[in-house]
Amino acid sequence: MSLINDILNNEDFSKQDIVSLLAISEKDEQDLLTTKAYSVKEKYIGRKAFVRGLIEFSNQCKKNCLYCGIRSGNSKVARYTLTDEEILSAVSLAVNNRYNGIVLQSGEISNQSFTKRITELIRKIKKEGGEDFRITLSLGEQSYETYREWFEAGAQRYLLRIETSNEQLYKKIHPDNDLHSFETRLNCLKEIQKAGYQTGTGVMIGLPFQTLEDLADDLLFLKSMSIDMVGMGPYIEHSDTPLYQEKENLLPLMERFNLSLRMISVLRLLMPFINIASTTALQSIFPMGREKGLKCGANILMPNLTPGKYRGSYLLYENKACIDEDADECLDCLDKRVQMVGEKIDYENFGDSKHYFNRYNPVS
Ligand code: SAH
Ligand code: SF4
């Protein structure tokens, strides 16, 4: 206990400090960490969460990541792409529910007509949602020109998870070819920053072969990259993927869940001003998982606005939460769930990453 206390009183954390915090297994020590992280969240962000509606607009993907249920090699998936009308009606649902932004996510598609379609779509979404409406893209690896084109069309934020900052581990969970290169992914992340976006990345937690040292390095990577937003959550196996064969070598689900919460807390201590998402993967393991994430230092929720009939076809992992609900039902329960943990949703502000505006401020 006193070791954890001492670490939490440090101004900054060494890698070994972070490993010790991630290794916590006693409840009272976990409580100490959570309380400290929440006090930092309260001070710099407040007792609140911001929402962005998630639109999973296509499950077409040219990549074949070994962990992902919608990888191109999974022939059991019924492939879909939403029409503009379906996307715009999800945007209007977001607006009617006072959300001031959406996240547009899909498998990785890169060609000229896709680029143009997204550019046009960003303009249409701005018409529907208003000039200030926030658009986050999560459309994988693209060229710098494409990132710029979408930024100029009006998207303000981009999410591209590095998945793991350990290149050797990255290689183990991806096919060994140029389409799945760690170097390219890292370069894309840097180009997203250069293009002007509020830049988000993140990792999967509890991957096979992953150590606490890897995760400590991941957190230090996020800090060294001066990332503005983070989405990270537990790895959850999918039986139609090659990585499923490692299922015996995983931490039990609840341990992955608790480790993910500790990752969120340590990150909040390391980077007080950034936006941290409480992911659906947390909710998929534990019903109040996303709300727990808020109490551990996260401040962003991304309720699913994908039309109900497509949700079962966007299974990155199995047992995903909220796949059999209609979009509207999900929205209704959100305010109540957040209130249950003593927080509220801030509908008045855009919830831009404070870190983005402070990039050169040494305290952030
Ligand atoms: N194709 C884009 C965006 C969609 S995938 C991209 O890859 O960037 C979004 C995220 O889902 C991935 O970054 C990955 O971290 C996560 N994901 C995929 N399979 C997962 C699994 N089995 N468990 C947990 N997260 C997973
Ligand atoms: Fe495609 Fe993204 Fe899944 Fe990889 S993680 S297979 S890029 S959707």
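**Exercise 1. Locate Asn319 among the secondary-structure elements, then describe its phi angle.**

Solution. Asn319 is found in the loop that runs between α13 (308-311) and α14 (327-340). The model is a predicted one. In this model the phi of Asn319 is near 60°, a positive value in a residue other than glycine.

**Exercise 2. Find the loop that holds Arg98 and give the sign of its phi.**

Solution. Begin with the position: Arg98 belongs to the loop between α4 and β3. Then take the backbone angle: phi of Arg98 is positive, about 70°, although Arg98 is not a glycine.

**Exercise 3. Characterise the surroundings of ligand 1 by residue and by class.**

Solution. Start with the neighbours. There are 17 residues around ligand 1, and those that come nearest are Tyr67, Arg161, Glu163, Arg185 and Ile236. Next, sort the shell by class: nine residues are nonpolar, four are polar and four are charged. Last, consider the space itself: what ligand 1 takes up is the largest cavity.

**Exercise 4. Work out which oxygen contacts ligand 1 makes with the side chains of Arg161, Glu163 and Arg185, and how much of the ligand is buried.**

Solution. Take the side chains in turn.

- Glu163 places a polar side-chain atom 2.6 Å from an oxygen atom of ligand 1.
- For Arg161, an N or O atom of the side chain is 2.8 Å from a ligand 1 oxygen.
- Arg185 has a polar side-chain atom 3.0 Å from an oxygen atom of ligand 1.

Now the area: ligand 1 taken alone exposes 540 Å², and the protein buries 92% of that.

**Exercise 5. List the residues around ligand 2 and divide them by class.**

Solution. The residues around ligand 2 are Cys61, Lys63, Cys65, Tyr67, Cys68, Ile70, Arg71 and Gly107. Five of the shell residues are nonpolar, one is polar and two are charged. As for the site, ligand 2 sits in the largest cavity. Tyr67 is listed around ligand 2 and also appears among the residues nearest to ligand 1.

**Exercise 6. Describe the salt bridge between Glu108 and Lys62 and place both partners along the chain.**

Solution. First, the distance: the side chains of Glu108 and Lys62 meet at 3.8 Å, N to O. Second, the positions: Glu108 is in the loop between β3 (101-106) and α5 (112-129), while Lys62 is in the loop between β2 (53-58) and α4 (84-96). The pair is 46 residues apart and links distant parts of the chain. Third, the total: a search of the whole structure finds 23 salt bridges.

Terms used: Residues numbered from 1 in each chain as written. Chains lettered and ligands numbered in written order. Predicted model: local features only at pLDDT ≥ 70, side-chain atom pairs only at ≥ 80, totals over all residues. Heavy atoms only, no water. Near = heavy atom within 4 Å. Polar contact = N/O pair within 3.5 Å; in protein donor to acceptor, adjacent residues only side chain to side chain. Areas by Shrake-Rupley, 256 points an atom, 1.4 Å probe, with all protein chains shown as cover. 1 Å grid on protein atoms, 1.4 Å probe; cavity = no way out; pocket = protein on both sides within 12 Å on 5 of 7 lines; lining within 4 Å. Sits in = over half its atoms within 2 Å of the grid points. Nonpolar A, V, L, I, M, F, W, Y, C, P; charged D, E, K, R; others polar. Salt bridge = Lys/Arg side-chain N within 4 Å of Asp/Glu carboxyl O. Helix = DSSP H or I, 4+ residues; strand = E, 2+ residues; numbered from the N terminus.
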